[in-house]
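Please open the structure in your viewer and keep the selection tool at hand. The tour below goes from one residue outwards to the whole chain.

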Amino acid sequence: MPELRTEEFQINMGPHHPSTHGVCRLLLTMDGEKVVEAVPYVGYLHRAIEKICENRTYHMCIPILDRFEYVTSMSCNYVFSLAAEKLARIEVPERAEYLRVIMLELNRIASHLIFVGTTAMDLGALTPFLYGLRERELIMDLFEMTCGQRLTYNYIRIGGVSRDIPPQFVPKCREAVRIIGGKLADYEGILNENPIWLARMKGIGYADPQQAIAWGVSGPVLRASGVKYDLRRDDPYSIYDKFNFDVAVRWNGDNYDRFLVRIDEIRQSLKIISQALDGLPEGETRAKVKARFKPPAGEVYVRIENSRGEMGVYLVSDGSEKPVRVKTRGGSYNQLQFLPEIVRGRGYLIADLVAIFATFDVIMPEVDR
Amino acid sequence: MTQQELTAYIQSSFEGKLTLLDTGRAEPMFEVRPDDLLEVARRLRDDLQLKFDYLCNMGASDTRERLEVVYSIASTTRRLRMDFKLVLGYENPAVESVTPVWPAANWYEREMNELFGIEVKDHPDMRPLLLPEDWDQGYPMLKNWDAPDFVRMPEL
């Protein structure tokens with residue numbers, strides 16, 4: 001009988017694979033069913049956003065950057081406005097800051113709800129996806145009544161926000177906070193007794209904290225590995241120092257903790273929104289900013305805590321109407337370049353890889369830009 | 001450590017290696033000579049007062065007079081953040097790779113190489129990142145880059 005021969009082989013996962021959340025190709029080296037190595041190939045969604053921004057005025061950059069990370073467009077609007085305000089030393093009215101925090105936190109919740117839904121769907125559970133989108137709809141309605149848009153908001157502008165909230169916003173928002181807060185136990189209830197979910201989540205995809213920091217990983221992925229690092233607390237921006245909230249942190253660094261940390265974060269965001277609604281002052285919603293906005297020459301890097309980790313903009317001005325350089329930085333970028341380190345040599349199955357990719361919450365437009 | 005203390009500390013302990021620039025910005029910016037880059041990066045990471053263990057962002061920019069590479073770093077334990085940059089000419093620009101210090105620089109350097117044509121020495125894995133594999137139209141983020149279907153915004 002001839003001797004059986006085995007060898008490693010390579011297979012492409014993607015670019016069009018439903019669990020890659022966009023268009024990403026993972027070149028897998030397989031040993032039978034086990035993944036030996038996973039190499040990401042990106043760039044399929046490269047739209048040259050940074051080059052386009054160099055060719056636009058500052059105000060025109062904001063709707064372009066909406067497309068940078070479209071699941072949390074508010075953060076994209078905000079981080080660019082913050083950079084421009086720092087360059088031009090603009091004081092933002094207090095009411096505008098409160099509105100910004102409310103919108104940013106609502107957007108964070110909406111993003112985490114999508115995370116819960118898509119992660120469960122990648123592992124074969126469809127119901128949480130319907131649950132997640134049902135609650136997200138409440139937030140979308142709030143955004144729609146404020147700025148008319150449901151995905152790319154163009155709401156936060158240089159110097160403030162584009163318009164004040166309608167009178168029915170505050171009661172509707174309080175109701176949404178109450179409903180979402182009450183539904184979180186349902187998500188945990190439907191998932192945490194599901195043996196398939198637990199088998200793919202518990203103990204899979206361990207991320208070492210020191211290694212994760214060295215690879216620039218941030219946000220919930222880093223906090224699930226026990227690193228209590230949240231820019232809202234550690235490098236405060238806007239008016240986050242006025243609110244009382246905890247930094248969600250978990251210690252095991254596996255898929256399951258990355259899920260739990262995001263559920264905890266939704267609870268904290270609801271807390272921040274309630275406090276902001278209580279303290280919402282009257283007044284102007286936008287500082288006076290010229291239509292021909294020309295910040296003085298200079299450069300600045302600002303960063304905020306987005307739902308996928310640190311989101312930053314490095315902005316260079318030469319005193320003209322167009323920025324010299326807009327370098328964007330998103331959490332997904334570092335998470336995806338860290339992925340091979342987590343997979344290499346651990347003998348995960350492709351189904352485990354799908355779960356790891358999902359709990360990293362990578363979104364491809366943020367990587368490719 | 002406050003921002004002023006950090007600036008003073010860096011000025012005293014990195015004398016001659018990191019120079020403070022006055023660029024009229026809200027936060028200070030330092031400049032490093034390309035030859036000193038790796039040594040300075042390593043010391044910034046290993047200094048017990050600073051512990052800059054986290055690379056937030058790095059990228060090049062073309063100011064029409066020169067190329068610049070900016071490194072934004074932070075410390076997750078000391079709650080510090082700083083930026084430094086180095087200046088390159090347009091003739092054969094090249095920098096050392098900082099991946100031995102901060103592995104996070106890996107993709108940023110690949111991106112910088114293909115978009116700006118800056119050579120990164122001793123990079124572990126220099127393949128194109130964002131552009132197609134058969135891209136042959138030069139370095140698109142340079143200011144003088146042009147292509148037949150690239151439309152510039154008219155001067156206002």
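Which residues does A:V343 touch, not counting residues up to four places away in sequence? Select A:V343 together with A:V35, A:A38, A:Y348, A:L353 and A:I356, since these are the residues that A:V343 touches, where contact is taken to mean that the C-beta atoms of two residues, placed from the backbone, lie within 7 Å. Before going further, note that this is a predicted model, in which local features need pLDDT of at least 70 and side-chain atom pairs count only at pLDDT 80 or more, while totals for chains, interfaces and linings use all residues. Residues are numbered from 1 along each chain as its sequence is written, and chains are lettered from A and ligands numbered from 1 in the order in which they are written.

Stay with A:V343, which has its place in helix α12 (residues 331–343) of chain A; helices (H or I, at least four residues) and strands (E, at least two) are DSSP runs, numbered from the N terminus. A:V343 is buried, because 22 other C-beta atoms lie within 10 Å, and the terms are set so that 20 or more such atoms make a residue buried, 12 or fewer make it exposed, and a count in between makes it partly exposed.

Next, select β6, β7 and β8 of chain A, which form an open, antiparallel sheet in the order β6-β7-β8; two strands count as paired if DSSP finds at least two bridges between them. β6 (298–306) and β8 (325–329) of chain A stand at the edges with a single partner strand each, so one side of each has no neighbour in the sheet. Look then at β7 (residues 309–317) of chain A, which is joined to β8(A) by five bridges, and find A:L315, which stands opposite A:V326 in β8(A).

Now add helix α3 (residues 73–88) of chain A, which lies across β6 and β7 of chain A and runs at about 150 degrees to β6(A); axes are lines fitted to C-alpha atoms, for helices over the stretch in contact, and angles run from 0 to 180 degrees between N-to-C directions.

Show chain B as well, and you will find 36 residues of chain A in contact with 33 residues of chain B. The elements of chain A that give two or more residues to this side are α8 (209–214), β6, β7, β8 and α12, and β6(A) gives the most, with five residues.

Finally, select chain A as a whole, with its 14 helices and nine strands; 52% of its 369 residues count as buried.
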